[in-house]
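Subject: Structure for you to look through

Hello,

Here is the structure I said I would pass on. Please open it beside this message and follow along.

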Amino acid sequence: MNRLRITLVALACLATPLAYAQWQWVDKDGRKVFSDQPPPPGTPNDKILRRPGNRPAEPEPAAAAPAPAPAASMPRVTGKDKELEEKKKQMAAAEAEKKKAAEEENNKARADNCTRAKQAKATIDSGVRLTVTNDKGEREIMDDNARAAETRRLENVITRNCS
């Protein structure tokens, strides 16, 4: 049983270099491309960043020989995936919609806070007796110091939320 395990581990270790059979190059738009297929023909050797294994750079064709014209039936490769671009646009639109909804919700909450703070300040400024509940759950009448502190707090809330 141990020999079987050791054999399996050895095979797994030997197979890992196959996973590194990756090509890496910079395309004409300046993006790094990773693939298990070689870059398209015409990619300069200085743009190929990594080859699988230790392959030497292939010699470039002579400059005098013109490149063969692409066949008319071959589709033109643009390097852009239309579906991916459309998904990106949809995701950006959805994210913008989320931001807008969150901002509207925030503005609504600020307007509500502003209204409540103005009402509370009007009540405190009216001079009527106000009671507060202390830590023990008992009702206490608000003294002048507590009234002044609450007035300052409400003015800060009004300043932040009523702009």
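Below is what was found, going from the whole chain to single residues.

Please keep in mind that this is a predicted model.

The whole chain

The chain has 163 residues, and 15% of them are buried. Its secondary structure amounts to 3 helices and 5 strands. If you walk along the sequence, these elements come in the pattern α-β-β-β-α-β-β-α. Among the contacts with a separation of 6 or more, 38% are between residues 24 or more positions apart.

The sheet

Start with the open sheet of 3 strands, whose order is β2-β1-β3 and whose pairing is antiparallel. The edges are taken by β2 (32–35) and β3 (48–50); each has a single partner strand, so one side of each has no neighbour in the sheet. From one strand to the next, the twist averages 25°.

Strand β1 covers residues 23–26 and is joined to β2 by 4 bridges. Three of the facing positions are worth finding on the screen:

- W23 is opposite S35 in β2.
- Q24 is opposite F34 in β2.
- V26 is opposite K32 in β2.

Between β1 and β2 there are 5 residues, and the two strands form a hairpin. G30 sits in the turn and has a positive phi of about 90°.

On the other side, β1 is joined to β3 by 2 bridges, and these two strands also run antiparallel. Q24 appears here again, with R50 as its bridge partner in β3. Q24 therefore has a residue facing it in β2, namely F34, as well as R50 in β3.

Which way do the side chains of β1 point? W23 and W25 point one way, while Q24 and V26 point the other way. In a regular strand, side chains alternate between the two faces of the sheet. In β1, all of these residues are buried, on the one side and on the other.

S35, in strand β2, deserves a separate look. Its relative accessibility is 17%, so S35 counts as buried, given that the cut-off for buried is under 20%. A polar atom of the S35 side chain lies 2.9 Å from the backbone nitrogen of Q37.

The core

Which residues make up the largest nonpolar core? There are 7 of them: A117, I124, L130, M142, L154, V157 and I158. Two elements give two or more residues each to this core, α2 (82–125) and α3 (144–161). The largest share, 3 residues, comes from α3. To see some of the packing, pick A117: leaving aside residues up to four places away in sequence, A117 touches L154, V157 and I158.

The disulfide

The structure holds 1 disulfide. The disulfide joins C114 to C162, with an S to S distance of 1.7 Å. The angle about the S-S bond is 120°, and the link is right-handed. How many residues apart are C114 and C162? They are 48 residues apart, and the pair links distant parts of the chain: C114 is in helix α2, and C162 is in the segment after α3.

Are the two ends of this link buried or exposed? C114 has 10% relative accessibility and so counts as buried. C162 has a relative accessible area of 26%, so C162 is partly exposed. The limits behind these two labels are under 20% for buried and over 50% for exposed, with partly exposed in between.

A contact in the first helix of the pattern

Lastly, go to helix α1, residues 2–19, where you will find T7. T7 has a relative accessible area of 42%, which means that T7 is partly exposed. The side chain of T7 reaches the backbone oxygen of R3 at 2.7 Å.

A route for a second look

If you go through the model again, this order may help. Begin at β1 in the sheet, with β2 and β3 at the edges. Then go to the core, where α2 and α3 each give two or more residues. End with the disulfide between C114 and C162.

Regards

Key: Residues are numbered from 1 along each chain as its sequence is written. This is a predicted model: local features need pLDDT of at least 70, side-chain atom pairs count only at pLDDT 80 or more; totals for chains, interfaces and linings use all residues. Side-chain values use heavy atoms; hydrogens and water are left out. Two strands pair if DSSP finds at least two bridges between them. Axes are lines fitted to C-alpha atoms, for helices over the stretch in contact, and angles run from 0 to 180 degrees between N-to-C directions. A nonpolar core is a set of buried Ala, Val, Leu, Ile, Met, Phe, Trp, Tyr and Cys residues joined through side-chain atoms within 4.5 Å. Buried means under 20% relative accessible area, exposed over 50%, partly exposed in between (1.4 Å probe, protein chains only). Contact means heavy atoms within 4.5 Å. A disulfide is a pair of cysteine sulfur atoms within 2.5 Å. A polar contact is a pair of N or O atoms within 3.5 Å; within protein, one must be able to donate a hydrogen and the other to accept it, and residues adjacent in sequence count only if both atoms are side-chain atoms.
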